Amino acid sequence: MGHYLAVKSVVHSFGAKKVLDEVRFECNTGDIIGLFGRNGAGKSTLFNILFGTLKPNAMEIYIDGKLFEPSKEQGKLIGYHTQGVMLPRLSKVSDIISMYLPLHKQDEVCFAPGVNEMHYKRIHELSLGQQRYLQFLLILGLDHPFMILDEPFSMVEPLYKNLIKEKLLAKRADKGILISDHYYRDILDIADKSLLLKDGTLITIQNNQELIDLGYLSVQAVL
Amino acid sequence: MGGLYFKYYANVTLYNLAFCIICPVIGVKLMGCIIIFGTIGCLASFSIYKYFQNAEYYFYANKGLSKTHLQLKTFIINLTISAFTALSLWAII
């Protein structure tokens, strides 16, 4: 069954600086929406508001037509892959997988490429790239209909990057995905729709040239 | 879900126990340490956890365990353990 997320309005300020000004977008099951923005543009702020860990000045969000209050329904409808590593450092990978995911989803993670070699290690014994890859697989394995991915490609080796892209494309049938990363080419490879967060508002992007024109990319970066 | 909560509880309680073990060094008596475990020690352990492992709250939140829920439950458990132990000790003495 498809789900429908409608962000009608999100407004948030830090002091006098208005970071999000009437932000609005929609995300359905099957969508992969790429979100770009310079450092400090408010991408993570928007993600934290949608996940319920930050209370905005004002918001109006609907999921499947019902008013959605992120803080009250945290961890039920939206999964959030953070910029940093959020896995408990002292825990064993095998323990985390078995505690975090239902039985029928555990095999998907356990038999994913690269997981076998880390299965009996503790999180702090893994490289940063492995930690982030495992974190991605765990969040992807959750039953939530929507998923927010903040910099899933950062620190991850090219081989894992391709696996992440394959898995996202495979999972889009069940989920609506909002993804942000400064590795813009990886995002453009998989996103159906791209948005740029600039001066607190979202602008729909059609191609690289628009990212240059709006000051997110330099001409040299695209060449 | 219980296993996931226990993981958080074990992590936070380690800090709390370390805090309580240090207390006798500065002259706090056994009964004082037990009371600290259920009160100030518990609050201190939340602060230490937040300082070192704040990002892990997102790990639990993704499964519907909010920071408030985790801390409140832990505080109630530790307060109960502390009160029960203190009363038992008081009855024995």
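**Panel 1. H3(A) passes H4(A) in a right-handed crossing.**
That's the near helix turned clockwise from the far one by less than a right angle; anticlockwise would be left-handed. This is a predicted model, so local features need pLDDT of at least 70 and side-chain atom pairs count only at pLDDT 80 or more, while totals for chains, interfaces and linings use all residues. Residues are numbered from 1 along each chain as its sequence is written, and chains are lettered from A and ligands numbered from 1 in the order written. Helices (H or I, at least four residues) and strands (E, at least two) are DSSP runs numbered from the N terminus. H3 (103–110) and H4 (128–141) of chain A pack at about 150°, axes 10 Å apart; axes are fitted to C-alpha atoms, for helices over the stretch in contact, and angles between N-to-C directions run from 0 to 180 degrees. That makes the pair roughly antiparallel (over 145 degrees; under 35 is roughly parallel, 65 to 115 roughly perpendicular, the rest oblique). A:Lys105, A:Glu108 and A:Val109 of H3(A) meet A:Leu137, A:Leu138 and A:Gly141 of H4(A), where contact means C-beta atoms, placed from the backbone, within 7 Å. By class, that's three nonpolar, one polar and two charged residues (nonpolar: Ala, Val, Leu, Ile, Met, Phe, Trp, Tyr, Cys, Pro; charged: Asp, Glu, Lys, Arg; polar: the others, Gly among them).

**Panel 2. Six strands of chain A make an open, mixed sheet.**
The order runs S6-S7-S8-S3-S9-S10, with S6 (78–81) and S10 (201–205) at the edges, each pairing on one side only. Pairing takes at least two DSSP bridges between strands. From one strand to the next, the twist averages 20°. S3 (32–36) and S8 (176–180) of chain A run parallel over four bridges, and A:Leu35 stands opposite A:Ser180. H1 (43–51) of chain A lies across S3, S6, S7, S8 and S9, at about 150° to S7(A). H4(A), back from the first panel, lies across S6 and S7 of chain A, at about 180° to S6(A).

**Panel 3. Two loop aspartates of chain A have positive phi.**
A:Asp64 sits between S4 (58–63) and S5 (66–67) of chain A, with phi near 50°. It has 13 C-beta neighbours inside 10 Å, so it counts as partly exposed. A:Asp199, in the loop between S9 and S10 of chain A, also has a phi of about 50°, but its 11 neighbours inside 10 Å make it exposed. The cut-offs, counting other C-beta atoms (placed from the backbone) within 10 Å: 20 or more is buried, 12 or fewer exposed, in between partly exposed.

**Panel 4. Chain A meets chain B.**
The contact draws 17 residues from chain A and 14 from chain B. On the chain A side, S6 and H2 (93–100) each chip in at least two residues. That side divides into nine nonpolar, seven polar and one charged.

**Panel 5. H2 of chain B holds a run of buried residues.**
In H2(B) (30–38), B:Cys33, B:Ile34, B:Ile35, B:Ile36, B:Phe37 and B:Gly38 are buried. They pack against H1 (2–22), H3 (40–53) and H5 (67–92) of chain B.

**Panel 6. B:Phe46 sits in H3 of chain B.**
Its 17 C-beta neighbours inside 10 Å make B:Phe46 partly exposed. Setting aside neighbours within four places in sequence, B:Phe46 contacts B:Val12 and B:Gln71. B:Phe6 is 40 residues away from B:Phe46 in sequence and 15 Å away in space, C-alpha to C-alpha.

Methods. Two residues are in contact if their C-beta atoms, placed from the backbone, lie within 7 Å.
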